[in-house]
Amino acid sequence: MSKQIRFNAFEMNCIAHQSPGLWRHPQDRSTEYKDLEYWTDLAKILERGKFDGVFIADVLGIYDVYHQSAQHALTGAVQVPVNDPLQIVPAMAAVTKHLGFGLTTSISFEHPYPFARRMSTLDHLTKGRIGWNIVTSYLESGSKNLGLKTQVNHDQRYDIADEYLEVLYKLWEGSWEQDAVLRDKEKGIFADHRKVHPINHQGQYFSVPGIHICEPSPQRTPVLYQAGASSRGQLFASQNAECVFISAPTKAVVKKLVQGIRSNLVKQGKDPHSILIYTMLSIVVDETDAKAQAKFKEYQNYASYHGGLTLASGWSGVDFSQFHAEDKVEYIHTNAIQSMLDSYVKADPDRIWTIEEIAKFISIGGNGPVVVGSAATVADQLQAWTEETDIDGFNLAYILAHQSFEDVVEYLVPELQQRGVYPTEYTEGTLREKLFGQGPLLTEQHRGASYRYHAKAKTNNNTELA
């Protein structure tokens, strides 16, 4: 039986996202990102196409590494301006029943206590359709605007993330017992105070003594996504993530990343296929191969060379303006996304990239490949990707908003459904239930489950979380 294929829509509350320059195309809607209708229309398209969810990226900073200036980011709308990702979710949830929402927020820029409340609130409002993409942030501009003189060291950011998750697990899983909420109107007792516990966390980076201020949401802990592909990031993912998002330019690099992630899971004593891995990819599809190729050629006319290098410089931490177009790309260790340059230099020995090639590649679809063709042609390629790399699905980056997703839903989804490799209906329940066919809560084997009140030693007359 052929492996099943899953789709997320890769989005951002900004203009163009992964295809700088395409906002100028007459069919593109991304300049409408400030309007609720833009997001509600998108949500309806994706739910019609049975997407797992919309995966919303975010940065709190600007891409100012290229030419050591924000000029190209601002003139080309390269992920700036960018609005808050969480505030658009309730509107999208109101017009859908099943679509999931994977939200990117950084552990570097918000204390875990208020963040726990924000995610619990969204999980309540969406009836359990929230996921969280855990990132540690790579833009130094964001760190400086929050008072830091420089970006925290790459691996130390993951050390902080380990404790950040510990605080969250204590709040989400351990503070309120499952039967703490009574809602007893006759007795006038909403919650049994004996079953609501302060977490008393005192660590190296955070001090959180009190209770979680929200009652338990449908999932308690949102579905956990993680996008780090470095060795430290993969270790963190193997301990926390339920879904992993990767991006790489070639199939060979994706296969290597997937093998590393699954190997780390085995080292942690887990089933290597206990998490879902999505890779970034863009699709140009039409009725025929010729029409799709013509459409792609048209898109290339709008692509921004400088926009591509603005993204590449920001992601890698390397100012590509210091090189010539024909220069070969070399690996330079930085404090940004370490796996980004590695995917172009080390991971695929059969490919040598120039600066110009990277700029043109990234300018349409970002750091992922673009698959072009008829529904049958694209379906063949996606099936080959899943079989050869062992990925579970694709984070589809749009080229034109919302036309790219409209085309996928109109042409590609029916073809995949006819082949029996794509869902025809949603599973009922929360996002976790839809993705994994299990209950709404973290499994007992997950790190977060060990922080549940019933799982800890009960001391002090059962009044405090041990």
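This report walks through two buried strands of a predicted model and the nonpolar cores found in the same structure.

## Strand β13, covered on both sides

Let's start with strand β13, which spans residues 393–397. Of its 5 residues, 5 are buried, so the rest of the structure largely encloses this strand. Here "buried" means a relative accessible area under 20%.

In a regular strand, side chains take turns pointing to one face of the sheet and then the other. For β13, one side holds Gly-393, Asn-395 and Ala-397, while Phe-394 and Leu-396 sit on the other. Both of these faces are covered.

## Who sits beside β13?

Which strands pair with β13? One is strand β1, residues 6–12, which runs parallel to β13 and is joined to it by 5 bridges. Within that pairing, Phe-10 has Ala-397 as its bridge partner.

Strand β11 (residues 276–286) also pairs with β13 in the parallel sense, this time over 4 bridges. Here you can look for Tyr-278, whose bridge partner in β13 is Gly-393.

## Strand β4, another enclosed strand

Now move to strand β4, residues 130–135. Buried residues make up 6 of its 6, so β4 too is largely enclosed by the rest of the structure. On one side you'll find Ile-130, Trp-132 and Ile-134, and on the other Gly-131, Asn-133 and Val-135; every one of them is buried.

## The neighbours of β4

Strand β3 (residues 100–106) runs parallel to β4, and 6 bridges join the two. In this pair, Thr-105 stands opposite Ile-134. To get from β3 to β4, the chain passes through helix α4, residues 112–125, making a right-handed β-α-β crossover.

Strand β9, residues 223–226, is parallel to β4 as well, with 4 bridges between them. Trp-132 of β4 stands opposite Leu-224 in β9.

## The nonpolar cores

In soluble globular proteins, nonpolar side chains tend to be buried together. What is the size of the largest nonpolar core here, and which residues have the most contacts inside it? That core has 86 residues, and the ones with the most contacts within it are Phe-7, Phe-51 and Trp-132. Helix α6, residues 154–174, gives the most to this core, contributing 10 residues.

Another core, of 35 residues, lies apart from that one. Among its members are Ala-57, Val-80, Val-223 and Leu-431.

Trp-132 is a handy residue to find on screen: it belongs to the buried strand β4, stands opposite Leu-224 in β9, and is among the residues with the most contacts inside the largest core.

Conventions:
Residues numbered from 1 in each chain as written. Predicted model: local features only at pLDDT ≥ 70, side-chain atom pairs only at ≥ 80, totals over all residues. Heavy atoms only, no water. Buried < 20%, exposed > 50% of the residue type's maximum accessible area, 1.4 Å probe, protein only. Pairing = 2+ DSSP bridges. Core = buried A, V, L, I, M, F, W, Y, C linked by side-chain atoms within 4.5 Å. Right-handed = clockwise from strand over helix to strand, strands pointing away.
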